[in-house]
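Biologist: I am new to this one. Could you show me how to read it, feature by feature?

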Amino acid sequence: MNFASRMSRVTVSPTLRVAAEADRLRRQGVDVVDLGAGEPDFGTPEHVKNAAHAALDANFTKYTPSAGVLELREAVCQRYRLDYGVHVKPEEVIITAGAKQALYNTAMVLFEPGDEVITHGPFWPSIVDQIKLADAKPVIVQTHMEDGFKIKAGEIIDAITPRTKAIVINSPCNPTGALIAEDDLIAIADAASARGIWMVADVTYEKLVYDVASHNVVGVLFERMRDRTVICSAASKAYAMTGWRCGWAIGPKEVTAQSNVLQGHSTSNINSITQKAGIAALTGPQDDVAKMLNEYRERRDAVHAWLTADPRFVCVKPGGAFYLFPYIADLLSPGGIKSSGEFAEALLKEVAVAVTPGEGFDSPGFFRLSYATSIERLEEGVDRIRSFVQKLESSGKLATTR
Ligand SMILES: Cc1ncc(COP(=O)(O)O)c(C=O)c1O
């Protein structure tokens, strides 16, 4: 069939592909340990659900302004003032169907053919595919396991050319869990600002930072280059609200207005009931966020310890998000399991554990394991992974160079 050429530049999200296969097996009655999912296993906080019930009961079920109701945009402003000390006006905020649409709007509004957009790898695939959908060219600066997937300002700045339109930073990063250091961010922001380059910050995992770290991405960018910064985030991960589709972009009011034109011609407002839930999430008690964070931290520490007890798994302990990104390339061999894609496939088929292969993040040799699931299931999952590797090794299907 004759599809538009832009469709040949993008592929199905690999995380969704793994989820679909795991779901298929589950429906066949297989006990799948799903470590592929990029979403919290916790329920949405009660007071948030209550706000949604109340909205439904009050028939708050009609169109709203396309950019979202004023009260929700004000709630975003208040949250960012409390969390980061920045002052944002409602006309600088647009409410979107998750951080994904916030990023998509931004890409469509700012990028065009001939533009280069720098980001860092391993990356969350939609960041790069959205750049391509906007007919711009992604320029990937690789980060490395050896130094904790640190985003190095010098390497990002070296990638700038006269065609660079924007730099997209994702911190905490999916899939590596790495946090950008404020010093690096300042250096990048100053270089971008001096050249009129946009900074787009995807801070979807902003609430999931485990250790004491200076990580005020929003504060730094607003202080250094507010007129060329767009912040994209969502209630999805912080408040266990992935299915509700509540995100936002914060930027100069002109950019927000353009995003609203785009959104007005495509999806219009996000679900009206979700908007009321979003207000409750952002303005209500934040104890659930702290509880979830503590639980994720315990899981991170436990899973990291279980996995790396086997020296064949090399794995950075991440500072944020809820993923581990183990390196398994040394286990792969031409005569046996050849790629992390094959590894993930075999893992699902043989021991019913779903993980996401590194190829999906342009990082063959790795896989992504989500610890957004109960500690019992995580223990079971890691046990299965380790025994799978053991079995493969004894049957001569894995390299044993390590
Ligand atoms: C880095 C990153 N950005 C954005 C998103 C999109 O989040 P949302 O579900 O709010 O659209 C995700 C979701 O996995 C993500 O990992």
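Biologist: Let me begin at the ligand. How far is its nitrogen atom from an N or O atom in the side chain of T204?

Modeller: First, the ground rules. This is a predicted model, in which local features need pLDDT of at least 70 and side-chain atom pairs count only at pLDDT 80 or more, while totals for chains, interfaces and linings use all residues. Residues are numbered from 1 along each chain as its sequence is written, and side-chain values use heavy atoms, with hydrogens and water left out. Now read a polar contact as a pair of N or O atoms within 3.5 Å; within protein, one must be able to donate a hydrogen and the other to accept it, and residues adjacent in sequence count only if both atoms are side-chain atoms. For T204, the distance to the ligand nitrogen is 3.3 Å. A polar side-chain atom of D202 lies 2.6 Å from a nitrogen atom of the ligand. From the backbone, an N or O atom of A99 is 2.8 Å from a ligand oxygen. How much is covered? The protein covers 93% of the 400 Å² of accessible area that the ligand has on its own. Such areas come from the Shrake-Rupley method with a 1.4 Å probe; for residues, only the protein chains shown count as cover.

Biologist: Which residues come nearest to the ligand?

Modeller: Near means that a heavy atom of the residue lies within 4 Å of the molecule or strand. There are 13 residues around the ligand, and N174, D202, Y205, S236 and K237 come nearest.

Biologist: Next, salt bridges. How many does the structure hold?

Modeller: Side chains of opposite charge can pair when their charged atoms come close. The cut-off is a side-chain nitrogen of Lys or Arg within 4 Å of a carboxyl oxygen of Asp or Glu. The structure holds 31 of these. Take K276 and E71: their closest N and O atoms are 3.6 Å apart. K276 sits in helix α10 (residues 272-283) and E71 in helix α3 (residues 70-84), so this pair links distant parts of the chain, 205 residues apart. Helices (H or I, at least four residues) and strands (E, at least two) are DSSP runs, numbered from the N terminus.

Biologist: Which residue meets E92 in a salt bridge?

Modeller: R226 does, at 2.9 Å from N to O. E92 lies in the loop between α3 and β2 (93-96), and R226 in the loop between α8 (217-225) and β7 (229-234), so the pair ties together parts 134 residues apart in sequence.

Biologist: Is E92 buried or exposed?

Modeller: Buried means under 20% relative accessible area, exposed over 50%, and partly exposed in between (1.4 Å probe, protein chains only). E92 is buried, at 12%. R226 is partly exposed, at 29%.

Biologist: Where do K291 and D288 lie?

Modeller: Both are in helix α11 (residues 287-308), three residues apart, about one turn of the helix. Their side chains meet in a salt bridge, 3.9 Å from N to O. K291 is exposed, at 57%. D288 is partly exposed, at 25%. Elsewhere, D23, R26, R27 and D34 are joined into one network by salt bridges that share partners.

Biologist: Now sheets. What is the order of strands in the open sheet of three?

Modeller: Strands of a sheet pair through backbone hydrogen bonds, either parallel or antiparallel. Here, two strands count as paired if DSSP finds at least two bridges between them. The order is β9-β12-β11, with antiparallel pairing. β9 (323-324) and β11 (356-357) are the edge strands, each pairing on one side only. Two bridges join β9 to β12 (residues 367-370). Y323 has S370 in β12 as its bridge partner.

Biologist: What about odd backbone geometry? Which peptide bonds are cis?

Modeller: Look at omega. The bond joining G121 and P122 is cis, with omega about -5°. P122 is in the loop between β3 and α5 (125-133). The bond from S171 to P172 is also cis, with omega near -10°. Then check phi. A321 is not a glycine, yet its phi is positive, about 60°. A321 is in the loop between α11 and β9, and is buried, at 0%.

Biologist: Last, the surface. Which residues form a nonpolar patch?

Modeller: M1, F3 and M7 do, with about 450 Å² of accessible area together. Patches are made of residues with over 30% relative accessible area and no salt bridge: like charges are joined within 9 Å, nonpolar side chains (Val, Leu, Ile, Met, Phe, Trp, Tyr) within 5 Å. F3 is in the segment before α1 (14-27). F3 is exposed, at 62%.
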